[in-house]
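Q: I am new to this structure and would like a close look at a single part of it. Could you take me through it step by step?

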Amino acid sequence: MPPAARITKEMILNTVLDITRESGFEAVNARSIAGRLQCSTRPIFTCYNSMEELKAGFLDFAYDFYSQYVADYSASIKVSPCLLLPLSYIEFARDETNLFKLLFIKDMDLDMAEAMDFYREKGNEKKAGIFSEAIGVEPERAKEIFLDLFLYSHGMAVLTATKKLSLDRNTAEKMLSKLLSALVRQEKPDWELPGA
């Protein structure tokens, strides 16, 4: 009799990704994973000490999936670099609704007692710096504009993920462009959105 196939962490994470994309993270449990992998639950708990440990690993894995989505979006869509992150965020909410809900609604690792607490989250300071260069506004003011743009696009994305709003990419891009232009022109009245 041939040896049983070895179940790896990567196999488990990919299975959790598939289940989450299809049915939401609520449908993920040891039995649903084992059923997809056609094994007992034992290999899951050989790789992970608990479902909480698996979830923590999966959140990192899912965020990497989102990062790849943004990179693929950037490569396939011609859009102003200033609008790349908000547009890809909204489209991710539409295309990968269950993952969006998990990462950016239910388990969003962002505790904002004050608006500028947004910059305590890993990576946001760096994104704002790149944004500052792209729009040509001094870094502190660019951080405020970037935060305003995030809050606006987050609202649009949440409404999209919850099926309360349905926007095509062109409409979303026009809305984001208007807001961004209004915000930047407070600093630079002749500012024009950099081309795609």
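Is Glu-96 buried or exposed, and what is its relative accessible area?

A: Happy to help! This is a predicted model, in which local features need pLDDT of at least 70 and side-chain atom pairs count only at pLDDT 80 or more, while totals for chains, interfaces and linings use all residues. Residues are numbered from 1 along each chain as its sequence is written, and side-chain values use heavy atoms, with hydrogens and water left out.

Glu-96 is buried, because its relative accessible area is 10% (buried means under 20%, exposed over 50%, partly exposed in between, with a 1.4 Å probe and protein chains only). To find Glu-96, look in the loop between H5 and helix H6 (97–106); helices here are DSSP runs of H or I with at least four residues, numbered from the N terminus.

Now for its surroundings. Setting aside neighbours within four places in sequence, Glu-96 is in contact with Arg-21 and Phe-65, where contact means heavy atoms within 4.5 Å. With Arg-21, the side chain of Glu-96 also makes a polar contact of 2.6 Å. That term stands for a pair of N or O atoms within 3.5 Å; within protein, one must be able to donate a hydrogen and the other to accept it, and residues adjacent in sequence count only if both atoms are side-chain atoms.

Finally, here is a distance to try in the viewer: the C-alpha atoms of Glu-96 and Leu-179 are separated by 25 Å, and these two residues lie 83 residues apart along the chain.

Notes
Helices (H or I, at least four residues) and strands (E, at least two) are DSSP runs, numbered from the N terminus.
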